[in-house]
Every structure is written in C-alpha cells, then in structure tokens.
Amino acid sequence: MKIDTLIINGKVFNSFNQTFEKKDIAIKDGKIERVDSDLSYDAKTTIDAKGKYLIPGLIDSHMHIESSMTGPANFGSVAVKFGTTTVVADAHEITNVAGLQGLKDFMNQSSVIDTFYAIPSSVPSTRTDMETTGGVIGLSEVSELLKDKRIICLGEAMNFKGIVDEPDSLIRQIIRLCQNKRPTMPLEGHCPKYSGEDLAKFVASGITSDHTFQTPETMLERINNGMYIQFQKKSLSKENMQAIVKHNLYEYAGFVTDDVMADDLVNGHLNLIVKEAIKLGLPAEKAIYMTTFTPARRMSLNDRGVIAPGRVADLIALSDLNEFKIDQVFKSGVPVEELPPKRADFPKYLQTTVHAKKITKEDLILKNSKEKVTANIIAVNEHGTFTKHEKITLNVLDGRVDWQSAGLSLLIVQERYGKNGNMSFGLVKNTLNKSGAVGTTWAHDHHNLMVMGTNLDDIVKVQHQLIDQQGGYIVAEDGEITANVPLNVGGIISSEPVDILAMKLKKVREAMNRLGYVNFNEIMSFSTLSLLVSQELKISDVGMFDVKTQEKIPLFD
C-alpha cells in the first residue's frame, strides 16, 4: 500500500493506557492508517522521529477566538505552532456585536486548524432590559444553528438567575430546545462561586460543565454533582493538581484557555497550561490525556484526540516530555511549516459598527443638589475579574459630586449600536491614580463603548478616538493618546497579524500600569467591568447591577 507519510522510531502515546510505546505511524489522506512496530510501507515521505515523544494534537474545548482580538485565520496560524490543532469556539463576542449574521460570517472564516463552534447562549449575557447588544440570539436563531454540523455544543450559559429561578426564561427555553433537538449535545456552563442548592439547581437545568475559578472543594463538589471541569490558567494550582491525582479525576476534567490575549498568544497557547500543570505536579501522561482524549470525548469528537487508525493525523513531536518542549507539529499529517496561509477577510458591514454620539466634558459632570451623597462603588480586585460592591460618602461642591478627591475613577458605558443612545455612569476604586483615561469597545459581553478616567479631557479624547476609528483599546495620559490598538472588525477584532497586534497591546498594558492600574491581566480586568454575569457589581449601558440578584443599583443612594 502507498501512503503519504511514515513516521518511524517514535515514542507514541497510547491514550487508552496513558503510556508511551515505541511505534511507527503510517498516515494517508490526512488520517492515521496504522500504528505498530517496524512498519514497512511505500511512503512519499519518511520521517525519523529519533526517539521523540509523539502525542495527539491539543484540543481546546472552551475558548473565545475574539478574546485574542483576532479572527480564525490569524488565530489558527499562531495557535497551531504551539500544538493546538482543534478548538471549540464560543463566538458569543462577535454575536453580541452583529447577531446571527455576524456569527455566520465569523464561522465562514478559514483556518489551518479545525474549528468547531458552540451556540452562543448568552446574547445578551443577561436580558435586553439590562444591556443593549448589537444582536440577540433567540429560539429561532438557535433552531437554525442546530442544523449546522459545525455546531457541537451549547456555549456557556451564564445567566444564573434565569437558569435557577426562572423556568420560562429565554436561556431555559434555549436549553430545552437543544435537549429536544440534540439530546446528547453537551451544554456548557459558567458557574462562579455557586454552591449547595444553587449549584444543584444549575446542574438540574441540564448544564454539565464549568470553567470558572476552581479550588479543590469547588471542583469536587461540581464533579460529584455530575459536572465536567475545564481548568483554565487561573485555576492552575498545586492544590488542584494534587486533588486531581488523589481522587483520580482524569476522566472528569480537562484543560482550556477560555481567553488568551494577543500578547500572550505569541508566546504560547494551550501548551503553556499543560506545561504548568506538569510543573505543579500532574504527571505528564495525565496532562496530555486531559488535553487530548478527555476533551475529545466530552465534545464527541471521536475522530481525534488519540493516535489510532482512522483518526485525524494531528500530531505533536516533543523533544522533552516534562518540559513539554515542542519540536514539530503536524496538522492532518502535514508539518505546520508547510501549511498554506489563510486569508482574513471580513465583510465591510463589520467594519462600521460604532454608532455613538461624541460626548463633551459637560456630559460627564455628576450633578447633585445635596451637600453629601452616598455612592455605590465598584471596587476592583488586583487578582481576577471579580469586583466588590462598596459604599462611600462623597462631598458635593457647587452642585458637582467631588469623586476625584476620594481617589476614584469615573466610568461611562455608552450604547454604541445606534439603538437607544443610553449612557450610564459608575465610580470605580483601585484603578487609576494618575491623570488619564482608558477606553475600549472590547467590553464583555455587550461590547458597548466604555471609558474610565481621572481626567475629563482624557475621557472625552479617548471616546472621540474610539468613534473615529470604529473601535479599539486606547489609553490617554495628560491629554495625549499614548497607546492605541485599533479593532476595526466589529470593534473587537484587529485584521493585523497577531505579532503586530501583540506589540500594540503590550503598549496598552504598559500605559495602564503607568496610570496605576494593577491586575495580573489589566486588560481583562477592565473589560469585564461590563460583564453582568461575573460577580459582584458590574455595569452596562443601562446602569450598574448586582450580578447575583440582577437588581439595578443606583449610582447614588
């Protein structure tokens, strides 16, 4: 028999017993033909692995391509170099911006890696009366998406109150529709901090995964309630890895990236999480298993995740197992360096999505007739994206609330789809301590225009520039724009190559740091101030909301 490629002298990972065996691999038409010792074939190409470790390509079962601020083509061309050959993308970011048509145009973008999709369940993440989005995904849109073979799961359901307390909410109706049309399709969840009866109600709805921050206790409770755990970077700890080993949880958990910024993506993708898990004490064979076979089985991707006959020939050659040092990657049997590049072309309508009115300094004055006011404050945490709801008493001088003297930052969120002209105000603690402003249209998940600053002139300057360039991430310091990442596609995606995007994004981080913003991920921290499903107090164009109760919180009591 003639084959395309024969790889000899490799240590091949056997997923079924999680060990390495000296085997050869025969590849034909992008699939694995045979795995055995001392194979003899008429091969177009023979590759001597020279004792390297051969493992399946990595599968990221929960991630958002748009969080890298790039599209499928540019994302795939970078991620594949780090061994990621398959992703399950929840593209609810572009869908919040441009609805079903935007999602379809995003899904139709080409990529060198295999990209499967989730039905965006959170468009909007809460309700239309709580946040304005460019698109809405309802039952008719879900019905249409269920007919698409590229759709393999329901994307993370995040509306906790709608899931556990409102049987007739839109998200519950979407869940029932998926269960009726695709009974075995995985339903993905976003379930931060919930426990006990709250968790039981969440799981009882049919949702069977969680990728939020985990501890050994939360992980065990979720798995004992029938959930599959997707560990992302922020949940990597020695205690969690020890709990996996101690309780033999390899079948019930996997590793995902969720969100990877462009300036991080240029340094690695899912491989970095695998490497860190090994460093924290997880056996290398188990870490590989949890990033290949386990997620493939979770998503019913039965043609991959294992090196065996009939499976897709996605392979990684490792020169060092415990350091997870990648020597070469094969996509469908082809070395990645030989793969032709993919074009990143988006329709023109996605490049004109910011339709907001330019503001003036007068629009930013917080007026009040009292001598003092009690303000509801969003307190930012230095670690993670959760916030705290605090109260603080502020003086009112000449009818204007003096928030500056209290060391706060002014935050505005402006509806940018041309639907209602909403603009809300918030006051934020633990962010900027120097004169300047930061603003973006990459504001999870509604992606309205959001600007925060200590200087009104800088807030205005950033807001005007975001409108002029149709979206981006911008920092101004003392009247000058010092960092700017134009996001010309939907206000959330750059059409530039990832390495150029990464350099610009790094400058944004540096500028935010100069202004005093401290967080392990400054950009995600700021962008999720608008995420109404991430505890505790968050903001949209409609106003501030308590995440758990969905109660609207006034700026001043």
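The buried residues of helix α6 pack against four elements: β9 (151-157), α4 (160-164), β10 (187-189) and α7 (216-224). This is a predicted model, so please keep that in mind throughout. The helix itself covers residues 196-204, and the buried positions in it are Leu199, Phe202 and Val203. Those three sit on the same side of α6, because they cover an arc of only 95° around the axis. The face turned away from that buried side carries Glu197 and Ala204, which are exposed. Just after the helix comes Gly206, with a positive phi of about 115°.

Next, the cavities. Searching the whole structure gives 3 cavities of 30 Å³ or more. The largest cavity holds about 50 Å³ of space. Its lining includes Met158, Asn159, Phe160 and Lys161, then His190, Pro192 and Tyr194. Leu532, Val533, Val547 and Gln550 also line this cavity. By class, the lining of the largest cavity has 7 nonpolar residues, 3 polar and 1 charged.

Now the record. UniProt, in an unreviewed entry, places a feature named "domain: Adenine deaminase C-terminal" at residues 385-550. In the model, that span is 22% helix and 33% strand, and its end C-alpha atoms lie 18 Å apart.

On to the pockets. How much space lies in the largest pocket? About 800 Å³. The lining of this pocket is made up of 38 residues. Nearest its centre are Gln232, Thr257, Asp259, Asn521 and Met524. Two helices, α2 (92-107) and α10 (270-279), each supply at least two residues of that lining. Of the elements, α10 gives the most, with 3 residues. As for residue classes in the lining of the largest pocket, 16 are polar, 12 nonpolar and 10 charged.

The second largest pocket has about 240 Å³ of space. It is lined by 13 residues, and the closest to its centre are Ser77, Lys81, Val112, Leu339 and Pro341. Here the lining divides into 8 nonpolar, 2 polar and 3 charged residues.

To put the two linings side by side: for the largest pocket, 12 nonpolar, 16 polar and 10 charged; for the second largest, 8 nonpolar, 2 polar and 3 charged.

One last look back at α6. Which of its residues are buried, and which are exposed on the face turned away? Leu199, Phe202 and Val203 are buried, while Glu197 and Ala204 are exposed on the face turned away.

Conventions. Residues numbered from 1 in each chain as written. Predicted model: local features only at pLDDT ≥ 70, side-chain atom pairs only at ≥ 80, totals over all residues. Heavy atoms only, no water. 1 Å grid on protein atoms, 1.4 Å probe; cavity = no way out; pocket = protein on both sides within 12 Å on 5 of 7 lines; lining within 4 Å. Points joined across faces, edges and corners; volume = space filled by probe spheres on them. Nonpolar A, V, L, I, M, F, W, Y, C, P; charged D, E, K, R; others polar. UniProt positions renumbered as here; feature names shortened; annotations may be inferred. Buried < 20%, exposed > 50% of the residue type's maximum accessible area, 1.4 Å probe, protein only. Arc of directions from axis to C-beta. Contact = heavy atoms within 4.5 Å.
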